[in-house]
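Please read the points below with the sequence and the model open beside you. Each one takes up a single topic and explains its terms as they arise.

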Amino acid sequence: MSIETKQFTIHEDWAVVILGFIIIGLSLFIFLPLVPVFKWSTFTDLQNDVFEFRNVQILVVQFLYFISIGIIGTFLVGKSVKSFVVVFPVVYLLTVIALLIAGNTVVKNYNLEAVIFSLIIGLAIGNFFKLPDWFRAALSTEVFVKIGLVLLGTTVIFSDILKAGSLGLFQALVVVLSVWYFAFWLCKKFKIDDELALMISSAVSICGVSAAIATSGAIKGDSKKLSYVISIVLVTAVPMMILMPLIARYFDFPEEVTGAWLGGSIDTSGAVAASGTLVGETALKISTIVKFSQNVLLGLAAFAISIYWTYNDASTLDAEITKPTLSVIWQRFPKFVIGFVFASLFFSFFVAPEIRNEVKDSLKNLQGLWFALAFTSIGLETNFKDLLNHSSKKPLYAFLIAQLFNIIITLLIAFLLFNK
C-alpha cells in the first residue's frame, strides 16, 4: 500500500508577493546587486566596458541572484525545479543579448527599450525552432512579470506624485476613466471578446504593458491574447514617443502642457521618460509624475476588473448564480496587486528618502530585468502563426482608434489644467 504525499504549493500570486518582498528585503538590509554596464558604441567599448572582467563578474552574480529567486518561486508554485534550472540559463542569456543590443548608442538614439528586443529574439527562436513541450512548460513568464510589477510599486512614491499637485492626479483619473470606457465601448462595437477588450482598454488607458499584464492576471487571461496586446503596445510606443515631442515643438506647446500630454498618452514609463527628455527638464518632470499618477491606479483597476470578471463569469457559467460571494471575488482577485500596493506604501512612508535614493537604481535594474526575462519567455512560448490566426485586424483597429482618442482627450485636458 503506497501513501501519496501532497507537494507543498501556494498560489502563484502569493508566491510572487513573497519573492518581491524577499528581493526588497535583500536590497534594503543584506545585499544590493550592482548594475551591470551595457552601454557601448564600438567593438572596443564592448571589449573594454561590457566584457571587462569586473562587469562580467557583476553579470555572473546577477545570474546567480536571479536563478536563486527563480528556484524558490518554482518550488513554491509546484513546478519542476530541475526543468527550471535547465531552461533559465537559456532565457537569461537571450535576455542579456537583448540588453546588449539595446545598450548600443545608435539603438539608444531611437529610444528602443530592451523588452522590444527580448520579445523579438524570443519570437524568432520560438517560431524558427521547435522547442520541446517540457521547455515551454518550464518557462516562468507569469512569475517573472508579476515580480516586476511588485517591484514597480517601489517607484510609485506618493510624495513625488503630490509634487505635481492635485492637477496631475485629477488628469490621471479623468484620462483613465474616459479612455478606458471609450476603448471598451469601441471593442464591443467591433465585436471583440470581453477578455481581449479588457486587456486593450487597460493598456491604452493606464500604463500599457503593465496594465495589460495586470488585467490578464485579474481575469486569468489567454497568454496569446496578452502577447498580441503587448506587441501592439510596444510597436506603437516607438513612433508616439518620437512624433509627439516633434508635434509639441512645431506648435510651440508650453513644456508643462507637453509633459502632461506625454505622460497621459504614451503607454510605457520608459517611453514617457525618453520623450520627455526630448522636450526639456520641465516636460520630463511633469510627464513622469503624471505617468506615476496613472500607475497608482493600476491596483484599483485590477481590483475593479477582477470584480467585473467574476460577475461576468458567474452569469455565463451558471444561471442559478446571481451574485458571487465575497470569497469568490477574493479568490479571483490578483493577489500580486497587494504586493504592488504594499511596496508603494512601504517605500512612500517607511523608507527614508536617502535610503530610497541609494537603492532605487538597483531596484529599477532588477525590475527591468524581470520584465525583460518575461518578454523573452513570452516570445519563446508564442507561436506566431497561432497569434496571427487568432487575431483579426479588428483588435488592432480598436487599439489605434482608442489611442488616437487618448492622444486628443489628454491634450485637451493638459491644456485646461497645465496651460498657465
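1. Leu246 is a good place to begin: at 45% relative accessibility it counts as partly exposed, where buried means under 20% relative accessible area, exposed over 50%, and partly exposed in between (1.4 Å probe, protein chains only). This leucine lies in helix α13, which covers residues 223-250; helices (H or I, at least four residues) and strands (E, at least two) are DSSP runs, numbered from the N terminus.

2. A word on the basis of these values: this is a predicted model, in which local features need pLDDT of at least 70 and side-chain atom pairs count only at pLDDT 80 or more, while totals for chains, interfaces and linings use all residues. Residues are numbered from 1 along each chain as its sequence is written, and side-chain values use heavy atoms, with hydrogens and water left out.

3. Leu246 also belongs to a nonpolar surface patch, together with Leu243, Ile247, Tyr250 and Phe251, and the accessible area of the five is about 560 Å² together. Patches are made of residues with over 30% relative accessible area and no salt bridge, with like charges joined within 9 Å and nonpolar side chains (Val, Leu, Ile, Met, Phe, Trp, Tyr) within 5 Å. A salt bridge is a side-chain nitrogen of Lys or Arg within 4 Å of a carboxyl oxygen of Asp or Glu, and accessible areas come from the Shrake-Rupley method with a 1.4 Å probe, where for residues only the protein chains shown count as cover.

4. For the protein chain as a whole, there are 21 helices and zero strands, and buried residues make up 54% of its 420 residues. The chain exposes about 19,800 Å², of which carbon and sulfur atoms supply 68%.

5. Which residues of α1 meet α19? Ile23, Ser27 and Leu28 in α1 meet Ile355, Val359, Leu363, Leu366 and Trp370 in α19, contact meaning heavy atoms within 4.5 Å.

6. Two loop residues deserve a look at their backbone, because most residues other than glycine have a negative phi. Lys191 has a positive phi, near 60°, and is found in the loop between α10 (165-189) and α11 (194-207); at 72% relative accessibility, Lys191 counts as exposed. Asp252, likewise not a glycine, has a positive phi of about 55° and is found in the loop between α13 and α14 (255-265), and at 65% relative accessibility Asp252 counts as exposed.
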